[in-house]
Amino acid sequence: MLILLICLSNAVDLRFKLPARQIRCFGDRLQEKEMIQGFVEGESADYSLKITDTGVNKQLYYTYHELTQKFTQLFNETTQIQICIHNLAHYQMNIQFLYEQGIQAELASIEDLKEIEKQVKQYNNTLQHLKSAQLDLLQLQTNRNEKMNVISSKIIIFSIITIMLMIVVTIISTIKAAKIMKLKKSY
């Protein structure tokens, strides 16, 4: 009865009690290029959600130990799916299950993708500005280092010249003082 209900409508919102350690599964037949989305929410996080493509016997989605578990899946070809909710707890749990399929789900997804695309463009622009600013800072740092090297070289050369001049002045002063002392002694 539930499978028929899902196939006849675009959205299903169920609330049910899932006994301890029990599994409840729902099935649906999907057309080519059809999307499903929905969520499962329990009283606690002690449950798992598994979505299987029964047409190719492939597990598409599995998650557990989250209070709210959201899912979205696009199918490129006609197939059948099975959605299973497994109560992992040792007690009965109230479960809410919302399931949407078809165009409504696809339109919501396209709008979400447009918003995400807009945000990605903003992030890329911000990243480009940051890269540009980083290159500018690197260039400024390089120029500053070059100027500091030139200034350091000039200071070292000036210091060497000053020390040499002081040595020359000291030697000349010592020689003159020695000559003056010799002249005073000779008188």
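At 68% relative accessibility, Asn57 is exposed, and that makes a handy place to start in this predicted model. Asn57 sits in the loop between β4 (47–53) and β5 (58–64). Its phi is near 55°, a positive value in a residue that isn't glycine. Most residues other than glycine have a negative phi. A second case turns up at His65, which also isn't a glycine but has a positive phi of about 55°. His65 belongs to the loop between β5 and β6 (68–75). With a relative accessibility of 43%, His65 is classed as partly exposed.

Zooming out, the protein chain contains 2 helices and 8 strands. Read from the N terminus, the order of elements is α-β-β-β-β-β-β-β-β-α, so a helix stands at either end of the series, with the strands in between. The overall dimensions are far from those of a ball: the C-alpha trace spans about 140 × 40 × 25 Å along its principal axes. The radius of gyration tells a similar story, coming out at 41 Å, whereas a compact globule of 187 residues would be near 16 Å. Buried residues account for 24% of the 187 residues in the chain. The chain exposes about 13800 Å², and carbon and sulfur atoms supply 60% of that area. As for how the chain contacts itself, take the contacts between residues at least 6 apart in sequence: 76% of these join residues at least 24 apart.

On the strand side, Ile51 gives a good view of the packing. This residue is found in strand β4. Ile51 counts as buried because its relative accessibility is 2%, and the cut-off for buried is under 20%. Setting aside neighbours within four places in sequence, Ile51 is in contact with Lys58, Gln59, Leu60, Tyr61, Phe71, Gln82 and Ile83. Val120 is another matter: Ile51 and Val120 are 69 residues apart along the chain, and their C-alpha atoms are separated by 29 Å.

The helix called α2 covers residues 103–186, and several points along α2 are worth a stop. One of the salt bridges involves Lys121 and Glu117, whose side chains meet at 4.0 Å, N to O. The two residues are separated by about one helical turn, because they are 4 residues apart in helix α2. Glu117 is partly exposed, at 44% relative accessibility.

Ser152 is found in helix α2 as well, and counts as partly exposed at 36% relative accessibility. Measured out in the model's own terms, Ser152 and Ile81 lie 71 residues apart in sequence and 75 Å apart in space, C-alpha to C-alpha. Val168, likewise in helix α2, is partly exposed with a relative accessibility of 42%. From Val168 to Val56 there are 112 residues along the chain, and the C-alpha atoms of the pair are separated by 97 Å.

The UniProt record, an unreviewed entry, places a "transmembrane region" at residues 155–175. In the model, that stretch is 100% helix and 0% strand, and its end C-alpha atoms are 30 Å apart. As for the surface, Ile163, Ile167, Ile171 and Ile175 make up a nonpolar patch with about 370 Å² of accessible area together. Ile163, one of the patch residues, has its place in helix α2.

Back to charged pairs: the count of salt bridges comes to 2. Besides the bridge between Lys121 and Glu117, there is one between the side chains of Arg15 and Asp13, at 3.4 Å from N to O. Arg15 is exposed, with a relative accessible area of 59%, whereas Asp13 is partly exposed at 42%.

Technical notes:
Residues numbered from 1 in each chain as written. Predicted model: local features only at pLDDT ≥ 70, side-chain atom pairs only at ≥ 80, totals over all residues. Heavy atoms only, no water. UniProt positions renumbered as here; feature names shortened; annotations may be inferred. Buried < 20%, exposed > 50% of the residue type's maximum accessible area, 1.4 Å probe, protein only. Rg over C-alpha atoms; globule rule 2.2 N^0.38 Å. Contact = heavy atoms within 4.5 Å. Areas by Shrake-Rupley, 256 points an atom, 1.4 Å probe, with all protein chains shown as cover. Patch = residues over 30% accessible without salt bridge, like charges linked within 9 Å, V, L, I, M, F, W, Y side chains within 5 Å.
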